[in-house]
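I opened this model to look up its cavities, its pockets and one annotated residue. My entries follow the display.

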Amino acid sequence: MPALQTRIDRCFARLRAEGSKAFVAYIMGGDPDPATSLAVMKGLPDAGVDIIELGMPFTDPMADGPTIQLAGQRALDAGMTMDKVLDMVRAFRQSDDRTPIVLMGYYNPIYARGVDRFLADAKAAGIDGLIVVDLPPEEDEELCLPAQAAGLNFIRLATPTTDAKRLPRVLQNTSGFVYYVSITGITGAATAQAANVAPEVARIKAATDLPVIVGFGINTPNAAHDIAAIADGCVVGSAIVKDIGAGKPVADVLANVSALAAGAHRA
Amino acid sequence: MDDGINSYMTGPDEQGRFGLFGGRFVSETLMPLILELEQRYEFAKTDPSFWAEMDDLWKHYVGRPSPLYFAPRLTEHLGGAKVYFKRDELNHTGAHKINNVLGQIILARRMGKTRIIAETGAGQHGVATATVCAKFGLECVVYMGAHDVERQAPNVFRMRLLGAKVVPVTSGRGTLKDAMNDALRDWVTNVRDTFYCIGTVAGPHPYPAMVRDFQSIIGKEVRWQLEEQEGKGRLPDTVVAAIGGGSNAMGLFFPFLDDPSVNIIGVEAGGKGVDDRMQHCASLTGGRPGVLHGNRTYLLQDPDGQILEGFSISAGLDYPGIGPEHAWLHDTGRAEYVSITDAEALEAFQLSCKLEGIIPALEPSHALAHVMKIAPKLPREHIIVMNMCGRGDKDIFTVAKHLGFDMKV
């Protein structure tokens with residue numbers, strides 16, 4: 001792929017220069033309501049978050065565990081739509097033009113909007129990349145290739161079942177970074193073990209120059225540290241979403257995010 | 001664009017597409033699994049020993065061939081076309097579902113899988129899966145919406161008797177589509193030993209084609225059985241079947257797709273009526289294309305692409321999507337798709353009981369209700385074959401409730 005100069009690329013260049021690992025935080029857009037969700041989002045960079053993954057709510061999140069399923073339901077019940085997710089990003093961008101935002105979710109809400117319209121709207125709102133769980137390389141023509149052409153990174157998931165034969169295909173049209181799914185399973189379920197993940201990350205890094213970020217099953221500052229130490233960074237989702245779901249005040253949610261980020265940054 | 005179609009029986013293509021529909025919209029974790037499944041199925045498909053095992057079990061365990069029955073009193077009552085029932089309700093476990101389950105589980109055994117998972121709505125696919133797992137001594141886990149667990153208690157008990165673990169699904173809205181989500185979540189977690197036995201012609205490629213191939217025994221039998229009764233070369237003029245996901249319909253339709261003289265009609269569940277209140281399950285007549293559960297097809301969804309719940313008196317038709325091959329047959333015009341309301345299905349249910357002594361499931365009652373609409377207007381030499389895809393034992397409580405009959409003795 002041609003080198004895209006997105007906020008994601010610039011972010012990793014900066015982290016490399018600083019010798020630091022990336023801490024990526026996931027929240028569900030509009031959970032538990034649009035205003036609270038935006039307040040949390042706005043606080044993430046100061047809490048130490050390098051990249052924000054913003055969930056697009058979907059009724060049928062097949063790769064997610066109960067924590068993120070419920071977050072999506074809360075957001076939908078609060079009237080969240082794709083338009084409002086884009087509004088959130090625009091509002092965030094008014095005060096932050098640096099932190100990369102990656103939209104994460106499922107294909108149908110994008111397909112329903114129309115791929116071309118979605119990409120134009122996403123780019124204009126200030127989105128940098130996309131992670132769409134139900135679009136494997138076999139379906140690259142649907143969204144991956146049009147997204148890259150529109151100047152958005154398309155971040156692919158690699159998993160423990162991605163064998164050596166398949167890995168080049170998974171990496172082929174990936175940009176921004178590679179998201180390594182540390183476990184076979186759903187979000188927020190099993191706990192990732194750094195000792196098991198390390199050789200897998202090494203295997204992927206041997207096949208690409210892109211940063212490799214590890215997600216799924218990371219829920220404490222120590223786990224964030226251990227995983228970030230063997231990769232280019234880590235993603236925490238369910239552990240943050242759980243606090244939001246429990247109705248904790250925004251300041252408390254962000255305090256936990258700071259602790260998780262500090263764990264990753266110590267690595 | 002589709003004027004150039006030489007055959008309707010060659011799909012799907014290498015990407016698992018039927019035109020725009022189908023595909024492999026799954027997470028990366030599952031992708032290697034469905035590629036392996038495709039490879040193993042492609043091999044099995046041309047392996048005589050695989051089909052020999054199927055034929056033996058179809059004959060001695062399921063009771064195939066199922067009869068093709070001329071319904072004389074119904075035909076006389078309707079006063080037009082000659083109506084035949086394909087009696088798949090007489091199969092072991094009471095529906096067409098076992099045709100497919102046998103195929104998938106024989107394949108699973110050949111792949112060395114030891115644990116079988118399935119989703120079920122009304123419980124028919126779950127019972128069929130639990131049955132075949134019991135027969136082969138395989139571990140079986142069935143995901144079923146918590147709401148369906150409650151209203152289909154006899155089938156839940158059957159599955160448990162057969163040794164299956166029934167997991168009530170409370171995620172989402174606790175219905176069939178949520179059961180399918182949870183089955184996919186299980187599969188993505190237990191990738192090494194588990195085989196996902198999907199109950200209909202939906203899901204990622206190769207499931208829609210594989211399930212269709214296993215169910216096609218229905219239409220293949222109809223071809224020779226009708227010749228036996230009506231003379232050499234006689235094809236049905238119209239074939240009719242009910243559609244939830246659409247597996248019994250694909251099984252009946254597929255062997256006739258390239259016979260242009262055969263009218264093909266699929267009957268969707270119209271619930272309380274196909275209108276903007278969306279209290280129905282008619283994906284083709286009331287939905288639009290989208291992506292769910294691994295394939296692109298017609299879906300009930302809101303303008304933002306969020307999936308809506310289906311509504312039908314029949315739990316077996318209660319799915320917001322439809323198999324991708326039906327979506328394609330719809331768009332190419334090769335098959336016609338109509339909808340029937342709950343009230344019309346209930347009327348057909350009673351007519352079949354009274355005139356033919358056959359208590360149908362609510363699913364084929366929808367097909368029968370459409371036959372009741374078209375048969376009177378057709379000439380006496382016109383032959384309709386309708387798939388009686390399940391028996392009504394499981395539905396008598398629902399029907400009693402709707403007819404105001406107190407079941408407490």
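**Cavities, pocket and the annotated lysine**

I began with the lining of the largest cavity, whose residues divide into 12 nonpolar, 15 polar and four charged. The model I am reading is a predicted one.

Next I looked up the volume. The largest cavity holds about 390 Å³ of space. I then asked which residues lie closest to its centre. Of the 31 lining residues, these are B:His96, B:Lys97, B:Gly245, B:Gly316 and B:Leu317. I also noted the elements of chain B that give two or more residues to this lining. The strands are S5 (115–120) and S9 (238–243). The helices are H5 (124–136), H8 (176–189), H11 (247–253) and H15 (362–374).

B:Lys97 caught my eye, so to speak, and I checked the record. UniProt, in an unreviewed entry, lists B:Lys97 under "modified residue: N6-(pyridoxal phosphate)lysine". I placed B:Lys97 in helix H4 of chain B, which covers residues 97–110.

Is B:Lys97 buried or exposed? I count B:Lys97 as buried, because its relative accessibility is 17% and the cut-off for buried is under 20%.

I then listed the contacts of B:Lys97, leaving aside neighbours within four places in sequence. The partners are B:Gln124, B:His125, B:Ala128, B:Gly199, B:Gln215 and B:Ser247.

How many cavities of 30 Å³ or more are there? I found a count of seven. I went on to the second largest, with about 120 Å³ of space. Its lining has 14 residues. Nearest the centre of this second cavity I noted A:Met62, along with B:Val26, B:Ser27, B:Leu30 and B:Leu184. By class, this lining has 10 nonpolar residues, three polar and one charged.

I turned last to the largest pocket, which holds about 400 Å³ of space. Its lining comprises 20 residues, and the closest to the centre are B:Arg151, B:Ile313, B:Thr398, B:Lys401 and B:His402. Two helices of chain B, H6 (146–151) and H16 (396–402), are the elements that give two or more residues to this lining. Which element gives the most to the lining of the largest pocket? I read off H16(B), with four residues. By class, I have five nonpolar, eight polar and seven charged residues in the pocket lining.

To close the page, I set two entries on B:Lys97 together: B:Lys97 is the residue in the UniProt listing, and B:Lys97 is among those closest to the centre of the largest cavity.

Conventions:
Residues numbered from 1 in each chain as written. Chains lettered and ligands numbered in written order. Predicted model: local features only at pLDDT ≥ 70, side-chain atom pairs only at ≥ 80, totals over all residues. Heavy atoms only, no water. UniProt positions renumbered as here; feature names shortened; annotations may be inferred. Buried < 20%, exposed > 50% of the residue type's maximum accessible area, 1.4 Å probe, protein only. Contact = heavy atoms within 4.5 Å. 1 Å grid on protein atoms, 1.4 Å probe; cavity = no way out; pocket = protein on both sides within 12 Å on 5 of 7 lines; lining within 4 Å. Points joined across faces, edges and corners; volume = space filled by probe spheres on them. Nonpolar A, V, L, I, M, F, W, Y, C, P; charged D, E, K, R; others polar.
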